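User: Please take me through this structure step by step. Start with the terms you rely on.

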Amino acid sequence: MPKKSVSLDNGRMWPSQKAAEIYFREIRDRYPVGGTVTAETDHDDLLALIRRHDLLVADGPAKEGVGVRRFEVRRNFTNGGHTLGFWIIRTDETETDFSFIRAVAGAPRPLSSQLTDACRELVRDDLESARIEYFALHADGTGRVECGITGAMIPERGSGFEYVGRSFSSIVSDWALSNGWHEGPPPGTLTAPADAQTAVVFADRAAAADFRRFHRAHARVVIVDREARGGTVRDDAVMLEF
């Protein structure tokens, strides 16, 4: 498959999406968290990238809005983790985030991926509660439990989750199909795009409650070392209880 080149309306061009992603990631990493993008060339290229986003990607309010005053690098917290990204501060002092990766790709995030993200955010507290209870029941005198993959003793801080039998995305897909959502969730199920919305969540409370029940009934999850995720789960690994 030939590589897709990327061009912006200010004349910038890259031979592939990967090359453009690397370029904008390097801009991001040149500035501290909370810092303003000060170089005129960097600001110019980000502004052109925003126009590409609004033309090809935006499925909600335009990111450029009334005009961009400056760009900042900020930490985004989603699904219990964090990433670094660009934020726009407009001339009227309203602000929002944007994904330079999606802007480079020139395509909106698939609805199926948005649903998976919303479901993951929804069950995060359930998983954390199950983790706390598991460590309370199974930890040794040093507060460690066995990794469900390696068997090594691990602390709570370094632990993660591994789904057994069915991946999380498979559980989401099965639930969606059980509701007849062959083309994705119906309008109104998830939150509509909005300024400063770094995570898509459920707008339909009944659907949210139904997925939590489905996840509790079907998810088989073990505690593992975060660095070991993706390995083969031991036969004697103890499942979390929800």
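Analyst: A salt bridge is a side-chain nitrogen of Lys or Arg within 4 Å of a carboxyl oxygen of Asp or Glu. The model is predicted: local features need pLDDT of at least 70, side-chain atom pairs count only at pLDDT 80 or more, and totals for chains, interfaces and linings use all residues. Numbering runs from 1 along each chain as its sequence is written, and side-chain values use heavy atoms, with hydrogens and water left out.

User: How many salt bridges does that rule give?

Analyst: The rule pairs Lys or Arg nitrogens with Asp or Glu oxygens. The count of salt bridges comes to 16.

User: What is the closest N and O distance between Arg-74 and Glu-72?

Analyst: Both residues are buried (under 20% relative accessible area; exposed is over 50%, partly exposed in between; 1.4 Å probe, protein chains only). Arg-74 and Glu-72 form a salt bridge, and the closest N and O atoms are apart by 3.0 Å.

User: Which residues share a salt-bridge network with Arg-74?

Analyst: Arg-74 also meets Glu-95 in a salt bridge, at 2.9 Å from N to O. That pair links distant parts of the chain, 21 residues apart: Arg-74 is in strand E3 and Glu-95 in strand E5 (strands are DSSP E runs of at least two residues, helices H or I runs of at least four, numbered from the N terminus). Glu-95 is partly exposed, at 31% relative accessible area. Bridges with shared partners join Arg-74 into one network with Arg-70, Glu-72 and Glu-95.

User: How many residues apart in sequence are the parts tied together by Arg-69 and Glu-93?

Analyst: Arg-69 forms a salt bridge with Glu-93, with the closest N and O atoms 3.0 Å apart. Arg-69 lies in strand E3 (residues 68-78) and Glu-93 in the loop between E4 and E5, so the pair ties together parts separated in sequence by 24 residues.

User: Are Arg-69 and Glu-93 buried, exposed or partly exposed?

Analyst: Arg-69 has a relative accessible area of 44%. Glu-93 has 46%. Each value falls between the 20% and 50% limits, so Arg-69 and Glu-93 both count as partly exposed.

User: What is phi of Glu-93?

Analyst: Glu-93 sits in the loop between strand E4 (81-90) and strand E5 (95-98). Its phi is positive, in a residue other than glycine, and is near 70 degrees.

User: Now the rings. What angle lies between the planes of Phe-168 and Phe-211?

Analyst: Rings of Phe, Tyr and Trp (its six-membered ring) pair if their centres lie within 6.5 Å; planes under 30 degrees apart are stacked, over 60 edge-to-face and the rest tilted. A search of the whole structure finds twelve such pairs. Phe-168 and Phe-211 are edge-to-face, 6.1 Å centre to centre, with an angle between the planes of 85 degrees.

User: Which helices does that pair tie together?

Analyst: Phe-168 is buried, and so is Phe-211. The two are 43 residues apart in sequence. Phe-168 lies in residues 168-178 and Phe-211 in residues 205-218, so the pair ties together H5 and H6.

User: Which element gives the largest share of the largest nonpolar core?

Analyst: A nonpolar core is a set of buried Ala, Val, Leu, Ile, Met, Phe, Trp, Tyr and Cys residues joined through side-chain atoms within 4.5 Å. The largest has 37 residues; Leu-115, Cys-119, Trp-175, Phe-202, Phe-211 and Ile-223 have the most contacts inside it. Helix H4 (111-138), strand E8 (159-163), H5, H6 and strand E9 (221-225) each give two or more residues. The largest share, eight residues, comes from H4.

User: How many residues are in the other core, the one with Tyr-31 and Phe-71?

Analyst: This core lies apart from the 37-residue one. Its members include Tyr-31, Ala-48, Ile-50 and Phe-71, and its size in residues is 23.

User: What arc do the buried residues of H1 cover?

Analyst: In H1, Ala-20, Glu-21, Tyr-23, Phe-24, Ile-27 and Arg-28 are buried. They lie on the same side of H1, because the arc around the axis (from the directions to the C-beta atoms) is only 160 degrees.
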